[in-house]
Amino acid sequence: MIVRSRIVGCGSYLPSRLVTNDDLTKIVDTSDEWIVERSGIRQRHLAAEGETTSDLATAAALQALERAGIKGSDVDLIVLGTATPDHTFPATATKVQARIGMTGGAAFDVQAVCSGFIYALAIADNFIRTGQAKTAVVIGAETFSRILDWSDRTSCVLFGDGAGAVVLRAGEGEGTSRDRGILSTHLHSDGRHHDLLLVDGGPSSTQTVGHIRMAGREVFRHAIANLSSVVGEALAANGLGAADIDWVVPHQANQRILEGTAKKLGLSMERMVGTLDRHANTSAASVPLALAEAVGDGRIKEGQLVLLEAMGGGFTWGAGLVRM
Ligand code: ACO
């Protein structure tokens, strides 16, 4: 028998403030048609004044714990993927730790931008597999509205705020792809593309927070190639094919990236969970938000095979295969 990390609860949180594409036409020279046609986005939730990433993350974590029937004091690991922490330090995860009533174990942040949740999940899975943790909360939480340049129409229309979380618990498996739990995770990065998608500030460079700068077309081109490749890698590692996947829960960056990746892999769009139209790109939060939605409404069922994938700044990208 081997140790497998099982997803035993999912949670999410979206700020109540809704901003439509039409609302954005009052801020920048854009249109609902352009945004929908180029990205698939129709609206996004934005954090209220004073609402922070740790607020969003805590709400998602508490919902995931409640659904799992697990107390915060029983958690021994929090890994939080975010590119928009409350403070430069300490980690936003430590704020969440205090607020869910967890006093032992370890809590830390992971920075892999839009791939942050996949990175956090992989780290937590490895902690559980090696016996260093038994019950982990893995979170993706962002307030990208704080780092958008609201005068740059090429980027500010694409993002939203939100958080999603899962509770992982150590279980047992036989080491086959029929096991319940995380079957494998696959992480990549290529720092040669650092400058194609970045925030032009930071404590050690400019001593400012900075704003997102993105070479959209270049990112788009790399996204489909990298995502298809890592999905192929995840399937091959488990002796599975695209036909075995029940659901893909992809990072929600652009409808055309979702369609391009699905086509390249021969996957039907009906098997892709989509929240982009309502949430926009919430970076590290997008995968756990979509997962919580599809588990919550009964689309994703126990025993089904779910593929998670994401790509973001760095570039970073990754995938995880999970039997629910
Ligand atoms: N409203 C109206 N017009 C706009 C807007 C806007 N919001 N933004 C740009 N335009 C204009 C441009 O100025 C340009 O005009 P021009 O031809 O007169 O110069 C025209 O629209 C076309 O611009 P492009 O950048 O070529 O448009 P494109 O079809 O490439 O779409 C987009 C842009 C949506 C950014 C696309 O490249 C994309 O989605 N890239 C992926 C980036 C991404 O998803 N990043 C998220 C983070 S990384 C990740 O999560 C994978």
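The following exercises, each with a worked solution, concern a predicted model of a protein.

**Exercise 1. Overall dimensions**

Determine how the radius of gyration of the protein relates to the value that the globule rule gives for its length.

*Solution.* Begin with the secondary structure: the protein contains 10 helices and 13 strands. Next, take the radius of gyration, which is 18 Å. For 324 residues the globule rule gives 20 Å. The two values are close, so the protein is as compact as a globular protein of that length. The extent along the principal axes completes the description: the C-alpha atoms fill a box of roughly 60 × 45 × 40 Å.

**Exercise 2. Burial, contacts and surface**

State what share of the residues is buried, and what share of the contacts with a separation of 6 or more joins residues 24 or more positions apart.

*Solution.* Of the 324 residues, 55% are buried. Turning to contacts with a separation of 6 or more, 75% of them are between residues 24 or more positions apart. The exposed surface of the protein amounts to about 13,300 Å², and carbon and sulfur atoms contribute 51% of that area.

**Exercise 3. The environment of helix α10**

Explain why helix α10 is described as largely enclosed by the rest of the structure.

*Solution.* Helix α10 spans residues 286-296, a run of 11 residues. A residue counts as buried when its relative accessible area is under 20%. Applying this criterion gives Ser-286, Val-287, Pro-288, Leu-289, Ala-290, Leu-291, Ala-292 and Ala-294 as buried. Eight of the 11 residues are therefore buried, and the helix is largely enclosed by the rest of the structure. Glu-293, in helix α10, is partly exposed at 23% relative accessibility. Just after the helix, Gly-298 adopts a positive phi of about 85 degrees.

**Exercise 4. Charges and salt bridges**

Identify the residues that are linked with Arg-278 in a network of salt bridges, and describe the pairs that Arg-278 forms with Asp-277 and Glu-293.

*Solution.* Consider the charges as a whole: there are 30 positive and 36 negative charges, and their mean positions are 3 Å apart. Side chains of opposite charge can pair when their charged atoms come close. The structure holds 15 salt bridges.

The network comprises Asp-277, Arg-278, Glu-293, Asp-297 and Arg-299. Within it, two pairs involving Arg-278 can be examined in turn.

1. Arg-278 and Asp-277 form a salt bridge whose closest N and O atoms are 3.5 Å apart. Arg-278 has a relative accessible area of 29% and is partly exposed; Asp-277, at 29%, is also partly exposed.
2. Arg-278 and Glu-293 form a salt bridge with an N to O distance of 2.9 Å. This pair links distant parts of the chain, with Glu-293 in helix α10 and Arg-278 in helix α9 (residues 276-279), 15 residues apart.

A further salt bridge joins Arg-192 to Asp-190, at 2.7 Å from N to O. Its partners are Arg-192, exposed at 72% relative accessibility, and Asp-190, buried at 15%.

**Exercise 5. The surroundings of Val-8**

Determine which residues Val-8 touches, not counting residues up to four places away in sequence.

*Solution.* First locate the residue: Val-8 belongs to strand β1 (residues 2-13). Its relative accessible area is 34%, and Val-8 is partly exposed. With the sequence neighbours set aside, Val-8 touches Arg-67, Ala-68, Ile-70, Val-167 and Arg-169. A C-alpha separation may be added: Val-8 and Val-166 are 158 residues apart along the chain, yet their C-alpha atoms are separated by 7.4 Å.

Notes: Residues are numbered from 1 along each chain as its sequence is written. This is a predicted model: local features need pLDDT of at least 70, side-chain atom pairs count only at pLDDT 80 or more; totals for chains, interfaces and linings use all residues. Side-chain values use heavy atoms; hydrogens and water are left out. Buried means under 20% relative accessible area, exposed over 50%, partly exposed in between (1.4 Å probe, protein chains only). Helices (H or I, at least four residues) and strands (E, at least two) are DSSP runs, numbered from the N terminus. The radius of gyration is taken over C-alpha atoms; the globule rule is 2.2 Å times the number of residues to the power 0.38. Contact means heavy atoms within 4.5 Å. Accessible areas come from the Shrake-Rupley method with a 1.4 Å probe; for residues, only the protein chains shown count as cover. Lys and Arg count as positive and Asp and Glu as negative; His and the chain ends are not counted. The place of a charge is taken as NZ of Lys, CZ of Arg, CG of Asp or CD of Glu. A salt bridge is a side-chain nitrogen of Lys or Arg within 4 Å of a carboxyl oxygen of Asp or Glu.
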